[in-house]
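User: Hi! I have a protein model open and I'm not sure where to begin. Could you walk me through it?

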Amino acid sequence: MSTMQRLAVLGSTGTIGVNTLDVVARHPDRFEVLALTAHSNVDRMVEQCLAFKPSFAAMVDAQSAAVLKSRLREAGCSTTVLAGESAQETLAALPEVDSVMAAIVGAAGLRPTLAAARAGKRILLANKETLVMAGQLFMDAVHEHGATLLPIDSEHNAIFQAMPAHFDGQLDQSGVDRILLTASGGPFRCTPIAELIHVTPEQACAHPNWVMGRKISVDSATMMNKGLEVIEAHWLFNAPAERIDVVIHPQSVIHSLVSYVDGSVLAQLGNPDMRTPIAHALAYPDRIQAGVPRLDLAAIATLQFERPDFSRFPCLRLAFDALKQGGTAAAVLNAANEIAVASFLDHALRFDRIAAVVETTLCQVAAPEVDTIEALLEIDGQARLVAERVVRQFA
């Protein structure tokens with residue numbers, strides 16, 4: 001890789017994409033933005049193209065792409081604009097791209113991220129669904145094509161930092177006993193369970209520590225987000241479900257921990273700001289300024305920990321169940337959750353019934369092993385149809 005790292009940012013107008021470009025802008029001597037992609041946020045994409053002058057930009061929505069092309073031309077910007085879902089795959093695999101920030105939310109990020117793996121790229125992985133839906137397929141592609149995988153989720157990035165430098169995917173040979181994922185507990189950690197039936201989308205999206213998109217905020221409130229991270233950790237660190245623990249830590253200062261056989265527990269701490277893991281992965285193995293304030297432990301004074309309650313957070317239990325079941329159960333879990341959360345955000349489903357939709361769908365959809373992305377997406381589609389039917393029953 002050249003000294004100047006050339007980047008493609010997939011999902012550049014979302015929270016992770018915006019934070020990535022904030023870090024990149026601080027280091028013009030290290031990073032060049034070659035390609036940006038988004039779904040339909042034209043206004044923000046125009047701003048980003050004028051600021052970073054990428055060679056390429058892609059919008060999944062064709063009408064948005066046409067508007068973007070027109071506005072950039074009027075502004076005298078020479079960025080080439082592409083349209084459609086396949087355009088993201090094309091840009092992720094460009095020969096001149098060194099690193100790909102995979103920050104597209106949801107199943108939509110699967111194909112572009114897989115394209116980056118098959119092109120042997122350095123992948124900064126912020127898209128959970130790639131590993132949750134297609135863990136085996138994706139990891140096989142990473143190994144087969146010599147891609148490099150660096151986790152962006154604050155929890156997995158913390159584990160990566162706390163793992164031994166020589167970690168080769170074998171926990172026992174590395175002296176690792178367990179992986180401990182921390183969770184804030186979201187906005188309803190102390191809410192009486194009986195009151196969860198009244199939760200509104202606005203309340204669920206008001207996370208106490210993190211600024212995130214609406215879907216991920218709801219996942220944090222149900223702790224499905226942590227369940228998906230358990231599945232991710234399984235694939236990233238070759239860890240069986242029984243060696244992954246979740247601990248609730250409301251301050252979100254310790255981002256995750258690794259427990260060793262000698263009794264040592266190593267943790268990564270920092271202010272809750274996604275620019276820290278983004279900067280770590282962008283510059284790895286170097287360290288660079290991320291614009292994040294220094295952590296003041298004396299000001300924080302107290303760190304709390306508690307075990308998660310599965311009766312309050314049934315989505316977390318369902319994720320562990322899906323991981324243990326294997327096959328494509330995690331893909332079914334993810335698809336059902338996306339439908340349930342979207343229905344909740346549209347005021348068509350009660351908050352406390354999100355888990356019920358997911359559990360019912362898991363019971364009704366077969367989840368065999370598959371070896372192609374097409375077969376996987378077919379099961380994903382089946383799960384979504386079943387979940388939509390279940391939502392209607394609950395509504």
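Analyst: Happy to help; we can go from the domains down to single residues. One thing to keep in mind is that this is a predicted model.

User: Good to know. How is the chain divided into domains?

Analyst: There is domain 1 (5–151), domain 2 (154–271 + 294–310) and domain 3 (326–394). Notice that domain 2 is written as two stretches of the chain.

User: And how far apart are the C-alpha centres of domain 2 and domain 3?

Analyst: Those centres lie 24 Å apart. Where the two meet, domain 2 puts in 18 residues and domain 3 puts in 14 residues.

User: What does UniProt list for residues 7–135?

Analyst: The unreviewed UniProt entry lists them as "domain: 1-deoxy-D-xylulose 5-phosphate reductoisomerase N-terminal". In the model, residues 7–135 are 47% helix and 22% strand. The C-alpha atoms at the two ends of that span are 24 Å apart.

User: Which annotation covers residues 269–384?

Analyst: That one is "domain: DXP reductoisomerase C-terminal", also from an unreviewed UniProt entry. Residues 269–384 are 56% helix and 1% strand, and their end C-alpha atoms are 38 Å apart.

User: Let's switch to charges. How many salt bridges are there?

Analyst: The count comes to 21 salt bridges. A nice one to start with is Asp286 with Arg30, where the closest N and O atoms are 3.2 Å apart.

User: Where do Asp286 and Arg30 sit along the chain?

Analyst: They are 256 residues apart, so this bridge ties distant parts of the chain together. Asp286 is in the loop between helix H11 (275–283) and H12, while Arg30 is in the loop between helix H1 (15–25) and strand S2 (31–38).

User: Are they buried or partly exposed?

Analyst: Asp286 is partly exposed, with a relative accessible area of 38%. Arg30 is partly exposed too, at 24%. The label "partly exposed" applies because it takes in values between 20% and 50%.

User: Which salt bridge does Asp153 form?

Analyst: Asp153 pairs with Lys128, and their closest N and O atoms are 2.5 Å apart. Asp153 is in the loop between strand S7 (148–151) and helix H7 (154–162), and Lys128 is in helix H6 (residues 128–144). Both Asp153 and Lys128 are buried.

User: What network are they linked in?

Analyst: A network of salt bridges that links Lys128, Asp153, Glu155, Lys226, Glu229 and Glu232. Lys128 also touches Asn225, a residue of helix H10 (residues 224–237). Asn225 counts as buried because its relative accessible area is 9%, below the 20% cut-off.

User: What about a bridge inside one helix? Where do Asp380 and Arg384 lie?

Analyst: Both are in helix H16 (residues 373–394), four residues apart, or about one turn of the helix. An α-helix has 3.6 residues a turn, so residues three or four places apart point the same way. The side chains of Asp380 and Arg384 meet in a salt bridge of 2.8 Å, N to O, and both residues are buried.

User: New topic: how many residues of helix H5 are buried?

Analyst: Seven of the nine residues in H5 (residues 110–118) are buried. Among them are Leu110, Pro112 and Thr113. The buried residues pack against several elements, including strand S1 (5–10), helix H4 (85–92) and H16. Just after H5, Gly120 has a positive phi of about 70°.

User: Which residues have a positive phi without being a glycine?

Analyst: Met223 has one of about 65°, and Ser252 has one of about 55°. Met223 is in the loop between helix H9 (214–222) and H10, and Ser252 is in the loop between strand S9 (244–248) and strand S10 (254–260). Met223 is buried at 2% relative accessible area, and Ser252 is buried at 6%.

User: Where is there a cis peptide bond?

Analyst: Look between Tyr284 and Pro285, where omega is about 10°. Pro285 is in the loop between H11 and H12.

User: Last one: which residues form the nonpolar patch on the surface?

Analyst: Leu269, Leu297, Leu303 and Phe305, with about 340 Å² of accessible area together. Leu303 is in the loop between helix H12 (297–300) and helix H13 (314–325), and at 30% relative accessibility Leu303 counts as partly exposed.

How values were computed: Residues numbered from 1 in each chain as written. Predicted model: local features only at pLDDT ≥ 70, side-chain atom pairs only at ≥ 80, totals over all residues. Heavy atoms only, no water. Patch = residues over 30% accessible without salt bridge, like charges linked within 9 Å, V, L, I, M, F, W, Y side chains within 5 Å. Areas by Shrake-Rupley, 256 points an atom, 1.4 Å probe, with all protein chains shown as cover. Salt bridge = Lys/Arg side-chain N within 4 Å of Asp/Glu carboxyl O. Buried < 20%, exposed > 50% of the residue type's maximum accessible area, 1.4 Å probe, protein only. UniProt positions renumbered as here; feature names shortened; annotations may be inferred. Domains from an automatic or database assignment. Contact = heavy atoms within 4.5 Å.
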